[in-house]
Structure formats: C-alpha cells, structure tokens
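I opened a notebook for this structure. My entries follow in the order in which I looked things up.

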Amino acid sequence: MRRTRVAALAAAAAVPLLGGCGIQETDPIEAGGPATVEAFYNRDDEMMLFFRTPEGGLNPVLRTVGPSAGSGGDYAEPGSDTTPGPPPTEKTVLALLAGPRQEDRAAGLTTALPPARPGTTVTVETAPGGTVTTNLPFPLNGLNATALRQLTCTIAYSRAADGKVVVKLRGQDGVSSSDTCGLAP
C-alpha cells in the first residue's frame with residue numbers, strides 16, 4: 001500500500017515539472033498556402049488539361065498520349081498520334097471536353113464545360129500574330145468564367161510551353177471571347 005502511495009505522489013510531482021520546462025505556449029503561426037508539387041510537362045508525349053478545383057480555381061492535369069513509360073512502347077492511349085511533336089490542339093480540347101477521369105474526380109476535380117457529343121469536332125487556326133482561334137462545338141453564351149478559363153489555359157499550354165498565347169474562342173452561336181491564361185501551373 002505504501003509503495004502505491006509513493007508511486008502516486010511521484011507521478012503527481014512529475015506533472016508540474018513537465019509543464020514547467022520553459023517552453024512558452026504560442027498561437028498557431030501562418031506558414032503560407034498549401035503545398036505545391038512540381039510536375040514535369042513533356043509536350044511531345046503529354047497534354048495539359050485544366051479542371052476546376054473544389055475551391056473554384058483551376059488545376060492542371062497531365063494526360064499521356066504516346067507510349068507509356070516502362071511499357072516498351074507497346075501501349076498507346078486509344079486515338080493517340082504517332083507523329084512526333086506535341087499533340088494537336090484539337091485533340092487536346094476534345095480530351096478536355098471529355099471531362100475529368102475517375103481519378104481526377106476522386107481528387108475533387110470537376111469541369112464547368114458541357115460534355116462533347118459523339119462526332120464532335122474542334123478546329124484551330126493560328127493568325128500571323130500568333131493568336132490561336134478555336135472554333136468550338138457549342139455556344140459560348142452562357143458559359144461561366146471558369147469554363148472559359150479552362151478552355152483558354154488548355155489551348156494556351158497546348159500551343160506554347162509557357163502558356164503565353166492569346167486565345168480566341170468562337171462558339172456555334174457566333175459569340176467570341178479573347179484572353180490569355182495567366183496561370184503558371
């Protein structure tokens with residue numbers, strides 16, 4: 001019984017000692033925004049698509065269009081090109097219109113764009129000044145700012161590694177929009 005009382009007294013005496021070790025309590029300290037991950041974008045084998053985050057921003061997603069690494073070149077994504085160089089912008093826009101994949105949706109990514117109908121085509125023209133005009137298979141009127149940014153950024157990065165391209169969107173309704181991406185993924 002005496003041994004139990006001594007152990008209890010020793011434990012009670014140790015509690016104030018642990019709390020008084022000289023470390024002051026502090027409030028939480030802001031350490032900046034969320035962590036970012038640097039991805040290496042290979043324009044010859046990948047396309048960069050922009051999808052909407054749960055917070056309403058845009059997040060780039062890379063899609064491999066050539067042979068998969070480590071597969072010995074035996075696998076190519078259905079519909080992939082075998083020509084060297086970046087995937088055509090038309091193909092990249094159609095991939096964006098196909099929407100986020102299951103793994104993208106699991107990460108909380110969505111789209112503000114209407115889905116592409118079967119047989120949908122997209123045409124792209126480049127003006128002498130470098131402006132890229134994309135003719136879309138749906139009306140632009142009624143698309144929100146996020147949808148326009150998804151298209152603009154996806155097209156800009158399909159045309160230039162730094163995404164610094166003026167993109168003009170033209171809808172089936174004759175409405176057009178011109179902008180730059182302004183994002184650095």
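**Entry 1: overall layout.** I started with the order of elements. Along the sequence, the protein chain runs α-β-β-α-α-β-β-α-β-β. I noted that this is a predicted model. The tally is four helices and six strands. I then looked up burial for the whole chain. Of its 185 residues, 31% count as buried. The exposed surface comes to about 11900 Å². Carbon and sulfur atoms supply 55% of that surface. I also checked how far apart in sequence the contacting residues are. Among contacts with a separation of 6 or more, 58% join residues 24 or more positions apart.

**Entry 2: the core.** I asked how many residues the largest nonpolar core has. I found 32. Those with the most contacts inside the core are Val93, Leu113, Leu136, Phe138, Leu143, Leu151 and Leu169. At least two core residues come from each of these elements: strand E1 (46-52), strand E2 (58-64), helix H2 (89-97), helix H4 (145-159) and strand E5 (167-170). H4 gives the most, with six residues.

I picked Phe138 for a closer look. I left aside neighbours within four places in sequence. Phe138 is then in contact with Leu97, Leu113, Pro114, Leu143, Leu151, Gly171 and Gln172.

**Entry 3: helix H4.** I checked the length of H4 first. It has 15 residues, and at 1.5 Å a residue they should span 21 Å. The end C-alpha atoms are 21 Å apart, so the two values agree. Next I asked how many residues of H4 are buried. I counted 11 of 15, so I wrote "mostly covered". Among them are Ala147, Leu151, Cys153, Ile155 and Tyr157. Polar residues are on the list too, including Thr146, Gln150 and Ser158. The buried residues pack against E1, E2, H2, E4, E5 and E6.

I then looked at the N-terminal end of H4. Asparagine 144 caps it. A side-chain oxygen of asparagine 144 lies 3.1 Å from the backbone nitrogen of threonine 146.

**Entry 4: an aromatic pair.** I searched for paired rings and found one aromatic pair. Phenylalanine 50 and tyrosine 157 form it. Their ring centres are 5.6 Å apart, and the planes meet at 40°, which makes the pair tilted. Phenylalanine 50 sits in strand E1 and tyrosine 157 in helix H4. The pair links distant parts of the chain, 107 residues apart. I found both residues buried.

**Entry 5: helix H2.** I listed the buried residues of H2. They are Thr89, Lys91, Thr92, Val93, Leu96 and Leu97. Their cover includes E1, strand E3 (123-126), strand E4 (132-135) and H4. Just after H2, I noted that glycine 99 has a positive phi of about 85°.

**Entry 6: two residues outside helices and strands.** Is threonine 53 buried or exposed? I located the residue in the loop between E1 and E2. Its relative accessible area is 13%, under the 20% cut-off, so threonine 53 counts as buried. Leaving aside neighbours within four places in sequence, threonine 53 is in contact with Leu58, Asn59, Gly108 and Leu109.

Glycine 182 was my last stop. This residue is in the segment after strand E6 (176-179). Its relative accessibility is 75%, over the 50% cut-off, so glycine 182 counts as exposed. I also took a distance to valine 165. The two residues are 17 apart in sequence and 9.6 Å apart in space, C-alpha to C-alpha.

Technical notes:
Residues numbered from 1 in each chain as written. Predicted model: local features only at pLDDT ≥ 70, side-chain atom pairs only at ≥ 80, totals over all residues. Heavy atoms only, no water. Core = buried A, V, L, I, M, F, W, Y, C linked by side-chain atoms within 4.5 Å. Buried < 20%, exposed > 50% of the residue type's maximum accessible area, 1.4 Å probe, protein only. Contact = heavy atoms within 4.5 Å. Areas by Shrake-Rupley, 256 points an atom, 1.4 Å probe, with all protein chains shown as cover. Phe/Tyr/Trp six-rings, centres within 6.5 Å; stacked < 30°, edge-to-face > 60°. Expected span 1.5 Å × (residues − 1). Polar contact = N/O pair within 3.5 Å; in protein donor to acceptor, adjacent residues only side chain to side chain.
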